Amino acid sequence: MLRYTFFRLVQAAFVLLVMTFLLFMLIGMMPGDPVENMLEGNPALTPELARQMRELYGVGVPLPVRYWHWLTAAFQGDFGFSSLYFRPVLEILGPALLQTLKLMIATIVLSIPLSLLLGAIAALRPGGWMDTVISFFAFASISLPNFWLSLILIIVFAVQLGWLPASGTPLAENPSLGLQIYHSILPVTVLTMFFVGPLLRYVRASMIETMSSDYIRTARAKGLSETTVIVKHALRNALIPMVTVLALGFGMLFSGALVVETIFGILGMGKMIFDAIRYVDFNLALIGLLLATIVTLVSNLLADLAYAWLDPRITLK
Amino acid sequence: MSVATPALEVVGAGHVAQPNHPRLLRVSSLSVSFPGAEGRESEVVSELSYEIAQGETLGVVGESGCGKTMTSLAIMGLLPSGAKVSGSIEFDGKDLTAFSPRQWRSHRGREVAMVFQEPMTAMNPVMKVGQQIAEVLVKHERLSRRAAFGRAVELLASVHIPSPERRAQDYPHQLSGGMRQRAMIAMALACRPKLLVADEPTTALDVTVQAQILDLMLELQETYGTAIQFISHNLAVVSEVAHRIMVMYSGRIVEYAPAEDLFSNPLHPYTQGLIRTLPDIAQPMAELYTIPGSVGGKRPSGCRFSNRCPLGDARCREAEPALREVMPRHHVACFKVN
Amino acid sequence: MSAIDTELAGIPSAPRQTIWQLRRKRFLRNKPAVIALAILVVLAALCVLAYPYSLLMGLDPNETNLLMRFRPPSAEHWLGTDSLGRDVLLRLMYGGQVSIAVGVLGTLLTALIGVLIGVWAGFLGGKVDAFLMRLTDVVIALPMTPVLIVLGAVDLSKLGLSQALASSPGVVFLRIVIIIALVDWTTIARITRAATIEVRQREYVKAATVSGARHLYNVLVHVLPNITTPITVAATLSVGRIILFESTLSFLGFGIVPPTPSWGNMLTNAQELVISAPALAVYPGLLIFLTVISVNFVGDGIRIAFDPRSEK
Amino acid sequence: MNALVEVDNLNLHFPIDGGFFKEKLTLRALTDVSFSVEEDETLAIVGESGSGKTTLGYAISGLLSPTSGRIKFGAGLGGHSQESPVQLVFQDPFSALDPRMMVGDIVAEPLRLQGVSRAERLQQADDVLEQVGLPAESARRYPHEFSGGQRQRIAIARALIAKPKLIVADEPLSALDVSIQSQILNLLNKIKRDRTISYLFISHDLGVVHHLADRVIVLYLGRIMEIASRQDLFATPSHPYTQALLESVPRIGRGRRKPGQALKGEIPTPLSPPPGCVFHTRCPRAQEDCRHHVPELLPAPGRPEQLSACHFKD
């Protein structure tokens, strides 16, 4: 298990390294002068120093060389300055990451029980009316453009009814938890609506398959009650593979968070990345994307470990 | 349908294998059908009547689609939803067809238990073997989890699984095929049921292991006095365990007789064919007998075997022969047998 | 051999239904899928009618008229006008053309990449498979929308395209199709790989190999025809996903850029109008939703109709 | 008789890839297997699952390449020439036929791969279909329209069309209904009478083997336990494993079993076969010597044609 974890961490680190290169190249192809963007915003840079740096990194220096410079600096903990915020990028990204994680965790905490409940109900009588309604809901969930759902919820609940705020960030200096939750209702609703559909469809399909398996018949042949059969025998088997689905969903949820944060004005990772790309903040965009990749890589790793822990058939050695 | 209904007196007291043993199960005119495509009903079991005495082994033989599995699911109350059942199933004086779901649950696992063909898929892959056995005892004998687990270890020992304490802590995939089937048998016998339904219990196993499992079943039957409904497509396997044998074809019983009678004097052309098609170590033959045609497909009118029967004539294609007792305890459903 | 002669009696002779007739029958029995298909046909027809409609009404989708801003629905503008005085219905029709075209073309490209990689990995197995699947894992690990935005932000002139060409509508359109395909191929690749591995192990492939068949023969003759079902289903479902990707990108300003209308970019400024003209925020999103959910229902219908478990 | 195929010291081991950091395991599917298939003979291979029967069949048909040792084909027969000297018939008649191809094309596939024109090969397919007892019109139908037994006939037709010298039949009956098995068995015998052909018949059903084999190989855990003619093997089995196997076969008319005669235990995993004689863990005759020394395949006492790998053979 430890050896496996170590191996996977090494693998993830390698993937991350490859990603830094790819993203560096891509971002280097954004409009504007990347060297200019890289140097901008660093208050410690005197015009003289800036000139020297420009000579060092400047026009004519091929992208891979510039990447090498960036990488060596990054290994020393220097990820550069944000040209948008005039601050070191790490300072900006810390709170942003926290903000996004709050949003995502709230969504996951809501989505898992909801999808379990609805998925299991739908699976009990496939083709029944409950299944039809729940399946329609699931289809709606995966088909709704989340930016549009955000707009519609704002129109209905913020503009027309005036019940909820249209902004995801409270204006107060040190908002209370209640106030934070109040402002998060709409964004979390959108994200949950976006996330619950795929999960629910998965739970349903997995439950239907499990319920028709031989060991469920064995459990019934033992005279166990239907609740025991479903909870003890079916659900556990149906849920083990869901760990993987959740991990893959993490990346998807991050994508959803980007849109929602942008619309509701939440200063999270998504909005940071979006702004950074829109205003060509080279350093911020690069680190933002890398952090997002790390988050998904780690979630995948955790999923694999959890899978092995839950399923006795899998041994990680 | 009434033409083909074997009247209840046909299945009388006269042909219990061990006459001193009282009757345990009586199935009368059991039919099972499913709603098929475009509103047509498909009947998988038709007008089945048979009995099992206490401690008796009934062998049920037939090829794919003959309805042998559906019959056993019917007596377990485990037919898939949508199945339509008619007729009666009487178990130890109780009418199972009138059972509520709750009554079924206290019946299954305690009075009657089942062993399936594939021990790998029939066990929950993420639950320890010992727990899966203990579960039955917790449910029916109200034992504590700890006590039940202890009993499970004893049961594993009683089916000759070496180091049962360790095996009880294993998951099914950690056991070999033969050991899994032993564990399934231990699970089925946990509450000493009166009837064990074994659906092709040795088909997935190698011959040497098959022999071990057959031995084990006979040994346990002797110890516990359990009656067994032993279902198999393999006539030879059935011949080694059964007191009486019921041959099914296309949802019906075609012949029903004590094991020795069935093999020494098979009466139905289908039974005769089945026995004669088997290559046997004892008697080499240049050319094997063949039953023409294939199993399944559209049912002919009249006798369901008429399209493959060497004796089939116009009468066979008009009416379905009823199951009659032509010799003491020997029943056959064929017009050509006197 | 009398036994063999009687075997002939068992050969079916009644007129048979082809597999496609069976599938069509099963699909038509699935009401939600049929309704969804009808909706799709209507939507597609509506989009195709954009040009005749503009001729009929004498309208131009991109001509701004600041005197005609935010007009309510009228005989002249059936759904009213937008913030720049353009006819909303006409722009929705043209926008739909873009969305559907991106969805279909993107799916074709996605399927092409996914099938090539999936068959390659699945059939050869071993190291090639391990490498391609790691690659797939990496792409899946990427957060889609941010990556799409970066790709959308790439300055094509830095790749050697002239400025004018880089910003021409055709190139912008193709670029959306390509970048979506670059990140979306993984689903089809995985499904194709799994199906290929299953078919590769079938005994008819072994029989052909023993008779001297090579990889290419087996892939073309045995594998591809037998994996069309899962690929078709996956591809149908990816149409909806790609339409959503495109609309999100366009909404965020990195996809189809105005003045060319798309359902996504028609919502870009809607946030500022939620108070003054909420209807403008409703129509495009509703159409995206309607299209995507219909595509998904049709895809699900195809899946059920093609399911080998219901084939005899 | 001439040897058609000579198998010389064949070893087939599969490395089990346990990931980058796992210990590499080796599945020893076949170890030191030597025998020959004569012209026009039916050689049966029997053994339990995990004994390496199918692997051996695949190795001889060229689907798997040996780790060491040689498979030599008789004069004029290359391993994989245009002639296709070996053809396969499989257990599962459902996955043996491509569901997207018409039966005629399925049967004619070996000719297609030899470059025979379509008209010519479809003509031949019609002929072969008739030989296996199917009407020529079957050629224009799809596999799903046929029953299991009919499909197995189609698979046999496909094997026959290339005029092979050897057909490797891997459990061709075990997926079929009992009443269909004898039809296919008779068909295989009829083919044998009509042409010069050898069968390598892989089976776990000793009744079937007894019915059609000329010689029998008993495999256990990748090693040959015994090779003998059918008469010798069934009348005077030499190896304790063969004896146990014969004893385990259920028989009609033997009556109710007497418990306690069955062989103990189960076949060990080929990932770590026991040292010495691989059968010693289950053998009623096992002595200390059996745990250390692999017995050679040598003639049984007084029967030079019956080879048996046991220190204490009969």
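Is B:S163 buried, exposed or partly exposed? Keep that residue in mind; the tour returns to it after a walk through chain A. The model on screen is a predicted one.

**Stop 1: chain A as a whole**

Select chain A and colour by secondary structure. The chain has 13 helices and zero strands, and along the sequence every element in its pattern is α: α-α-α-α-α-α-α-α-α-α-α-α-α. Oriented on the principal axes, the C-alpha atoms of chain A fill a box of roughly 85 × 60 × 35 Å. Of the 317 residues in chain A, 52% are buried. If you draw a contact map for chain A and keep pairs at least 6 apart in sequence, 73% of those contacts join residues at least 24 apart.

**Stop 2: the two domains of chain A**

Colour residues 2-75 of chain A as domain 1 and residues 90-310 as domain 2. The centres of domain 1 and domain 2 of chain A, taken over C-alpha atoms, are separated by 33 Å. Where the two meet, domain 1 of chain A supplies 19 residues to the contact and domain 2 of chain A supplies 16 residues.

**Stop 3: two loop residues in chain A**

Select A:V280, which sits in the loop between helix 12 (269-278) and helix 13 (282-310) of chain A. The relative accessible area of A:V280 is 18%, so the residue counts as buried. Its backbone deserves a check: phi of A:V280 is near 50 degrees, a positive value in a residue other than glycine. Most residues other than glycine have a negative phi. For a distance label, use A:V280 and A:V15, which are 265 residues apart in sequence and 25 Å apart in space, C-alpha to C-alpha.

Move next to A:S176, in the loop between helix 7 and helix 8 (177-211) of chain A. With a relative accessible area of 43%, A:S176 is partly exposed. A second distance label can join A:S176 to A:V243: the two are 67 residues apart along the chain, and their C-alpha atoms are separated by 33 Å.

**Stop 4: a helix pair across chains A and C**

Show helix 7 (residues 146-160) of chain A with helix 12 (residues 278-306) of chain C. These helices pack at an angle of about 145 degrees, and their axes are 9 Å apart. Their crossing is left-handed. To see the contact, show side chains for A:F147, A:W148, A:L151, A:I152, A:I155 and A:Q160 on helix 7 of chain A. On helix 12 of chain C, the partners to show are C:P278, C:A281, C:V282, C:G285, C:L286, C:I288 and C:F289. By type, the residues of this contact comprise 11 nonpolar, two polar and no charged.

**Stop 5: a serine of chain D beside chain C**

Select D:S95, in the loop between strand 5 (86-89) and helix 2 (103-113) of chain D. D:S95 counts as buried, at 16% relative accessibility. Leaving aside residues up to four places away in sequence, D:S95 touches C:R202, C:E203 and C:Y204. The side chain of D:S95 also makes a polar contact with the side chain of C:E203, at 3.0 Å.

**Stop 6: helix 4 of chain B**

Which residues of helix 4 of chain B are buried? Select residues 129-140 of chain B and colour by accessibility. The buried set is B:V129, B:G130, B:Q132, B:I133, B:A134, B:E135, B:V136, B:L137 and B:H140. With nine of its 12 residues buried, helix 4 of chain B is largely enclosed by the rest of the structure. Add the neighbours that the buried residues pack against: helix 10 (226-239) of chain A, and from chain B helix 2 (101-107), helix 5 (145-158), helix 6 (164-168) and helix 7 (177-189). Following helix 4 of chain B is B:R142, whose phi is positive, near 55 degrees.

**Stop 7: back to B:S163**

The last selection is B:S163, found in the loop between helix 5 and helix 6 of chain B. B:S163 has a relative accessible area of 33%, so the residue is partly exposed. Although B:S163 is not a glycine, its phi is positive, about 40 degrees.

Definitions and conventions. Residues numbered from 1 in each chain as written. Chains lettered and ligands numbered in written order. Predicted model: local features only at pLDDT ≥ 70, side-chain atom pairs only at ≥ 80, totals over all residues. Heavy atoms only, no water. Axes fitted to C-alpha atoms, helices over the stretch in contact; angles between N-to-C directions. Helix = DSSP H or I, 4+ residues; strand = E, 2+ residues; numbered from the N terminus. Left-handed = near helix turned anticlockwise from the far one by under 90°. Contact = heavy atoms within 4.5 Å. Nonpolar A, V, L, I, M, F, W, Y, C, P; charged D, E, K, R; others polar. Buried < 20%, exposed > 50% of the residue type's maximum accessible area, 1.4 Å probe, protein only. Polar contact = N/O pair within 3.5 Å; in protein donor to acceptor, adjacent residues only side chain to side chain. Domains from an automatic or database assignment.
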